[in-house]
Amino acid sequence: MSSILITGGAGFIGSHTCLQLLEEGHYLYIIDSFVNSSPQIVERIERLFSKGHEKFEEQFNLIGGDIRDKILIENIFKSSIENKHAIEAVIHFAGLKSVEESTLNPSLYWDVNVGGSINLVKIMEKYNCRTIVFSSSATVYSTDNKCPLSEDSQIKPSNTYGQTKVTVENLLMSLYNIKGEDWKIINLRYFNPIGAHPSGLIGENPRGKINNLFPYLNQVASGQKKELRIFGNDWPTKDGTCIRDYVHIMDLAEAHCLALKYLLQKGKSDFLSLNICTGKGTSILELMRHFESVNSCKIPYVFVDRRPGDIAISFASNDLTSSTLKWSPKRNISDMCIDGWRWQQLNPNGFEK
Ligand code: NAD
Ligand code: UFG
């Protein structure tokens with residue numbers, strides 16, 4: 001059992017990962033500002049946690065606050081030492097993730113994603129905590145690369161959001177390069193995480209405008225949105241719609257547990273970037289047809305203009321991740337559609353009543 005600080009642990013990927021870490025017996029400090037999540041996640045995770053209320057109270061500590069708040073982060077490290085559960089590692093999810101918003105409000109994205117990360121690692125250094133798993137993204141890769149992408153494909157993000165992710169990867173690389181400090185670092189580059197916990201109790205809970213395909217698709221299926229607007233049917237793909245590498249959120253959560261275990265067991269410093277993907281590309285029409293077939297529903301859709309900044313095809317090899325972490329995705333597109341739809345049906349308004 002280890003003590004772990006999880007930033008952004010109330011969010012989509014964070015909440016699924018927290019549950020798995022709790023089940024593995026870890027002691028969690030979670031910091032989240034709830035800018036894109038809800039404190040109601042606590043009750044949901046507690047309901048799913050198999051070891052009961054007392055263990056949950058002991059293992060799960062959620063602190064509301066911002067990763068840019070130096071005093072708060074420092075206090076979390078201090079109290080973890082006082083409580084004899086000194087933080088040994090960090091999983092750093094907290095950040096803003098809308099590509100569109102990042103182009104409209106770049107200074108906010110640099111401040112939260114990069115400024116917040118600098119604040120975090122400075123305090124980690126001060127408290128001798130030098131193990132971190134960082135949430136990076138497929139957007140770090142150049143759009144000139146051929147798919148499948150691999151970790152050594154060219155890095156050249158085409159938007160501010162992606163640039164903030166590369167900058168944090170570079171920041172972590174420069175820490176790793178400090179002689180004698182022994183930083184242990186994994187950047188997980190996620191492709192397109194979708195789906196939900198099979199219970200339907202936790203899932204993706206976007207606030208405000210929905211930008212991503214899967215939550216939008218769910219809302220069309222439930223009748224909350226009239227139709228799916230598919231951005232372009234003239235892409236150079238087999239059916240003219242964009243291809244992405246969708247990965248089940250439960251597989252993604254498992255990858256975090258394995259990445260953490262790998263680093264905690266590692267006797268010396270390390271720096272790795274790993275793709276979290278299935279290696280398979282699925283077009284929008286294919287995803288939609290799967291969804292309709294496994295959930296016995298109809299998705300009304302229209303084709304509209306291409307979305308600025310989109311790319312035709314994005315999928316990647318997970319060979320390095322599989323060999324390093326002994327991870328491979330266990331769930332397929334049908335599982336993603338079934339589990340995601342269950343979450344949507346049980347929670348049409350997310351965590352709000
Ligand atoms: P999410 O928005 O559901 O979770 C992020 C969490 O961080 C939220 O709970 C939010 O309230 C919190 N947060 C944001 N700013 C904060 C701040 N300043 N201080 C404290 N908490 C803050 O998003 P997610 O999908 O779970 O993504 C998690 C991470 O993975 C993000 O860093 C994101 O950029 C990255 N990522 C996500 C995807 C994806 O498609 N979901 C793909 C690639 C990378
Ligand atoms: N799409 C539609 N209609 C919609 C929403 C999306 O047709 O209403 C299309 C997009 O044009 C794209 C595909 O569905 O072709 C997937 O779009 P998403 O927005 O769901 O995902 P992206 O691949 O564009 O981007 C996502 C995250 C980024 C992350 C990237 C790679 O939003 O933050 O995956 O990890 F960087």
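1. In this note, Ala, Val, Leu, Ile, Met, Phe, Trp, Tyr, Cys and Pro count as nonpolar, Asp, Glu, Lys and Arg count as charged, and the others, Gly among them, count as polar. With those classes in hand, the shell around ligand 2 can be described as ten nonpolar, five polar and five charged residues. The reader should keep in mind from the start that this is a predicted model.

2. The surroundings of ligand 2 deserve a careful look in the structure above. There are 20 residues around this ligand, and those that come nearest are S137, N212, R229, R244 and D310. As for secondary structure, helix α8, which spans residues 213-221, and strand β8, which spans residues 228-231, each supply at least two residues of the shell around ligand 2. Of the elements, β8 gives the most to that shell, with three residues.

3. Which residues place an N or O atom of a side chain at a short listed distance from an oxygen atom of ligand 2 can be followed one by one. The side chain of S137 has such an atom 3.3 Å from an oxygen atom of ligand 2, and for the side chain of N192 the corresponding distance is 3.0 Å. With L213 the backbone is involved, since a backbone N or O atom of this residue lies 2.8 Å from an oxygen atom of ligand 2. On its own, ligand 2 has 680 Å² of accessible area, and the protein covers 89% of it.

4. Ligand 1 can be read in a similar order. Around ligand 1 there are 27 residues, of which D32, N36, S37, F93 and Y161 come nearest. By class, the residues of this shell divide into 13 nonpolar, ten polar and four charged.

5. The polar contacts of ligand 1 include one from the backbone, where an N or O atom of I13 lies 2.8 Å from an oxygen atom of the ligand. Among side chains, a polar atom of N36 lies 2.7 Å from an oxygen atom of ligand 1, and a polar atom of K97 lies 2.8 Å from an oxygen atom of ligand 1. The protein covers 95% of the 820 Å² of accessible area that ligand 1 has on its own. Two or more residues of the shell around ligand 1 come from each of α1 (12-23), β5 (131-137) and α7 (160-176), and β5 gives the most, with three residues.

6. A further point concerns how two helices pack. The axes of α10 (residues 284-295) and α12 (residues 333-346) come within 9 Å of one another and cross at roughly 65°, and the crossing is right-handed. On the α10 side the contact is made by L287, H290, F291, V294 and N295, and on the α12 side by I333, S334, C337, I338 and W341. The residues of this contact divide into seven nonpolar, three polar and no charged.

7. Two details of the backbone should be checked by eye. Most residues other than glycine have a negative phi, and most peptide bonds are trans. Against that background, C147 and P148 are joined by a cis peptide bond, with omega of about 0°, and P148 has its place in the loop between β5 and α7. D182, although it is not a glycine, has a positive phi of about 55°, and D182 is found in the loop between α7 and β6 (184-190).

Notes
Residues numbered from 1 in each chain as written. Chains lettered and ligands numbered in written order. Predicted model: local features only at pLDDT ≥ 70, side-chain atom pairs only at ≥ 80, totals over all residues. Heavy atoms only, no water. Near = heavy atom within 4 Å. Polar contact = N/O pair within 3.5 Å; in protein donor to acceptor, adjacent residues only side chain to side chain. Areas by Shrake-Rupley, 256 points an atom, 1.4 Å probe, with all protein chains shown as cover. Helix = DSSP H or I, 4+ residues; strand = E, 2+ residues; numbered from the N terminus. Axes fitted to C-alpha atoms, helices over the stretch in contact; angles between N-to-C directions. Left-handed = near helix turned anticlockwise from the far one by under 90°. Contact = heavy atoms within 4.5 Å.
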